[in-house]
Amino acid sequence: MNGASSGGGGGGAGGDGPLVYQRWKGNNVFVLQGRFIFGPDARSLYVTMFLIIAPAAIFCVFVAKELMDNFSYGLGLPVMIAAVVFTAYDLSLLLLTSGRDPGIIPRNAHPPEPEGLDGNAEVGSNQTPPMRLPRVKDVVVNGITVKTKYCDTCMLYRPPRCSHCSICNNCVERFDHHCPWVGQCIGLRNYRFFYMFVFSTTLLCLYVFGFCWVYIVKIRNSEQVTIWKAMAKTPASIALLVYTFIAVWFVGGLSVFHLYLMSTNQTTYENFRYRYDQRANPYNRGVVENIKEIFFSAIPASKNNFRARVPVPQEQGLRPRPTNGFMSPNMGRAVGDIEMGRKPVAWDEPRMAAEIGDLGAGLGNLLEDKDSRFRNASPDLSRDALAIGGLDDQGSSVMNPGRTSWGVEAGR
């Protein structure tokens, strides 16, 4: 699924070309003409929102309202207001997590040139064979060597902590994971909101769970019955108790796990793949500094302007720049989106088209050379050739059966 907007076009007005989000190569979904960017599984947001709104609405109608109507001390109204505000806050964090650029690195139009390669060097048939780009590069981070990999899809060397999401088809800075519940990658620019969403959902579950018990206890005290009979009088409270008890184990456990990751400055991807408990973590700066980095540092601006116009050269197509004889790390075989498991395509189709054009021009020159030598041949040979070509020596037409106008047997 390409990046289609549900908010309409606007691209190409005045002949200026389409907008970036209309030509986006990732699998993202854009809303309101590129103002919001979601993952390809954005429909899962409806499920997530239902799982939050439905129990909150049941709580307000069957618990908070009853507390407000049947009991004194004005307890019900603040409980109702707090539940509504808390739910709205939780949903806003969900939108901030799923509807913003998580830290996508723009793709390169061409592969990078190998270091130390002369840009004016030309590679011919009698020169050194094409050289490959190195698959990995070493980068030093806080005195520790970190390997960065080349991305065939985005045609760039990923910065440290960057990874290519196979679902969104983008390289994302400080990639943590792709969350199906929010329908978006979790990365550098939305990890803070993701944790706040998970943690606030945990608090909302505890809030509903606690006040359901308050309501049951008040029923027991007012009617002087056992706790079991009081629970039987409010089935909605029982359902909410079971639901929030199960949900809090999920979102609460996730909150604790990510609190550990933040305190040690890890991502989910790094924790499961690299296991920093077995080697040094180059990003760990201490618990306080790690927490400050997540919550109190400025969020970097997006590297993508989705509502900008696509540059004219990219839209109309320019002559490809010289590749200087280097190849991708995977050039030995058909190369496409290798990481994505897509159908392989040609590595550099514009360059191949240019080479085919040069080959055609060379064949044309060869034919002209043969034609000139043919005209300078002996008269007898010339007459025979003319007869074969369809004219006799008097200039009349000669039709050779079984041959086309090009002198090639039909059906061959």
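Helices, in the account that follows, are DSSP runs of H or I with at least four residues, numbered from the N terminus. The model described here is a predicted one, and helix 5 is a convenient place to enter it.

Helix 5 covers residues 235-264, which makes 30 residues. With a rise of 1.5 Å for each residue, a helix of this kind should span 44 Å, and the end C-alpha atoms of helix 5 are indeed 44 Å apart, so expectation and model agree. The helix nevertheless bends by about 30 degrees, and the bend is located at valine 248. Immediately after helix 5 comes asparagine 265, a residue with a positive phi, near 55 degrees.

Helix 3, residues 191-223, may be examined in the same manner. It contains 33 residues, and the distance from its first C-alpha to its last is 48 Å, close to the 48 Å expected at 1.5 Å a residue. The residue that follows helix 3 is glutamine 224, and its phi is positive, near 55 degrees.

How do helix 3 and helix 5 lie with respect to each other? Their axes come within 8 Å and cross at roughly 150 degrees. Angles over 145 degrees count as roughly antiparallel, and helix 3 and helix 5 are therefore roughly antiparallel to each other. Their crossing is left-handed.

Helix 3 can also be compared with helix 1, which comprises residues 44-70. The axes of helix 1 and helix 3 come within 11 Å and cross at roughly 30 degrees. Because angles under 35 degrees count as roughly parallel, helix 1 is roughly parallel to helix 3. The crossing of helix 1 and helix 3 is left-handed.

A database record may be set beside these helices. An unreviewed UniProt entry lists residues 45-64, 76-97, 193-216 and 236-261 under "transmembrane region". In the model, residues 76-97 are 100% helix and 0% strand, and the C-alpha atoms at the two ends of this stretch are 32 Å apart. Residues 236-261 are likewise 100% helix and 0% strand, with end C-alpha atoms 37 Å apart.

The discussion now turns from helices to strands. Three strands form an open sheet in the order 4-5-6, and their pairing is antiparallel. Strand 4 (136-141) and strand 6 (156-157) stand at the edges; each has a single partner strand, so one side of each is left without a neighbour in the sheet. In general, the side chains of a regular strand alternate between the two faces of the sheet.

What joins strand 4 to strand 5? Six bridges do so, and the two strands run antiparallel. Valine 141 stands opposite isoleucine 144 of strand 5. Strand 4 and strand 5 form a hairpin with two residues between them, and asparagine 142 in the turn has a positive phi of about 50 degrees.

Strand 5 (residues 144-151) is joined to strand 6 by two bridges, and this pair also runs antiparallel. Tyrosine 150 has tyrosine 157 in strand 6 as its bridge partner, while cysteine 151 is partnered by leucine 156 in strand 6. Strand 5 and strand 6 form a hairpin as well, here with four residues between them. Within that turn, methionine 155 has a positive phi of about 55 degrees.

Technical notes. Residues are numbered from 1 along each chain as its sequence is written. This is a predicted model: local features need pLDDT of at least 70, side-chain atom pairs count only at pLDDT 80 or more; totals for chains, interfaces and linings use all residues. Side-chain values use heavy atoms; hydrogens and water are left out. UniProt positions are given in the numbering used here, feature names are shortened, and annotations may be inferred rather than shown by experiment. The expected span of a helix is 1.5 Å times one less than its number of residues. The bend at a residue is the angle between axes fitted to the seven residues ending there and the seven starting there. Two strands pair if DSSP finds at least two bridges between them. Axes are lines fitted to C-alpha atoms, for helices over the stretch in contact, and angles run from 0 to 180 degrees between N-to-C directions. Angles under 35 degrees count as roughly parallel, over 145 as roughly antiparallel, 65 to 115 as roughly perpendicular and the rest as oblique. A crossing is left-handed if the near helix is turned anticlockwise from the far one by less than a right angle, and right-handed if clockwise.
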